[in-house]
Amino acid sequence: MFWFLLITMVVVVAAVTLAVVGGGDSEVLPDAAPEQLVDPLPETRPVGQADVEALRLPVAVRGYRMADVDDVLGRLGAELAERDARIAELESALAGAGPADTAGRDGHDGYDGEAGA
């Protein structure tokens, strides 16, 4: 009886193993194609929050594909640097235009009427 159960168990384990592995010449599952970054960040317009939220980086065997991550981070870094420069430019223009603009509103143009002293 013991030998019958042992042989039956070996046959069942072998059948399950063959079913899982594929056990034939035909492939059960096709090889997965390597993932590529399909829709990178837009090149024709500035990157928005929705673009970053919709971005999905392809996964490789040991994490994310380094080249794709480097490209995305480089593009985001360039966008942020460009925006920071534009913000600094606008802030300096606003700070420079602020006092001159208020002088023009109250009717006083900064000239007090006296000729050089």
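This report describes the salt bridges, one aromatic pair and one nonpolar surface patch of a predicted model.

**Salt bridges**

Side chains of opposite charge can pair when their charged atoms come close. The structure holds six salt bridges, and the table lists some of them, with the N to O distance in each case.

| Salt bridge | N to O distance |
|---|---|
| Arg75 and Glu43 | 3.5 Å |
| Arg45 and Asp51 | 2.8 Å |
| Arg65 and Asp68 | 3.2 Å |

Through salt bridges that share partners, Glu43, Arg75, Glu79 and Arg83 are joined into one network. The bridge between Arg75 and Glu43 links distant parts of the chain, since Arg75 lies in helix H3 while Glu43 sits in the loop between H1 and helix H2 (49-54), 32 residues apart. Arg75 is buried, with a relative accessible area of 15%, whereas Glu43 is exposed at 66%.

In the pair formed by Arg45 and Asp51, Arg45 is partly exposed, with a relative accessible area of 43%, and Asp51 counts as buried at 16%. Asp68, which belongs to helix H3 (residues 66-105), is buried because its relative accessible area is 10%, under the 20% limit; its partner Arg65 is partly exposed at 27%.

**Aromatic pair and nonpolar patch**

The one aromatic pair of the structure consists of Phe2 and Trp3, arranged edge-to-face with 5.7 Å from centre to centre and 70° between the planes. Phe2 and Trp3 are both exposed, and they contribute to a nonpolar surface patch of about 860 Å², together with Leu6, Ile7, Met9, Val10, Val11 and Val13. Leu6, placed in helix H1 (residues 2-21), is partly exposed, with a relative accessible area of 33%.

Technical notes
Residues numbered from 1 in each chain as written. Predicted model: local features only at pLDDT ≥ 70, side-chain atom pairs only at ≥ 80, totals over all residues. Heavy atoms only, no water. Phe/Tyr/Trp six-rings, centres within 6.5 Å; stacked < 30°, edge-to-face > 60°. Buried < 20%, exposed > 50% of the residue type's maximum accessible area, 1.4 Å probe, protein only. Patch = residues over 30% accessible without salt bridge, like charges linked within 9 Å, V, L, I, M, F, W, Y side chains within 5 Å. Areas by Shrake-Rupley, 256 points an atom, 1.4 Å probe, with all protein chains shown as cover. Salt bridge = Lys/Arg side-chain N within 4 Å of Asp/Glu carboxyl O. Helix = DSSP H or I, 4+ residues; strand = E, 2+ residues; numbered from the N terminus.
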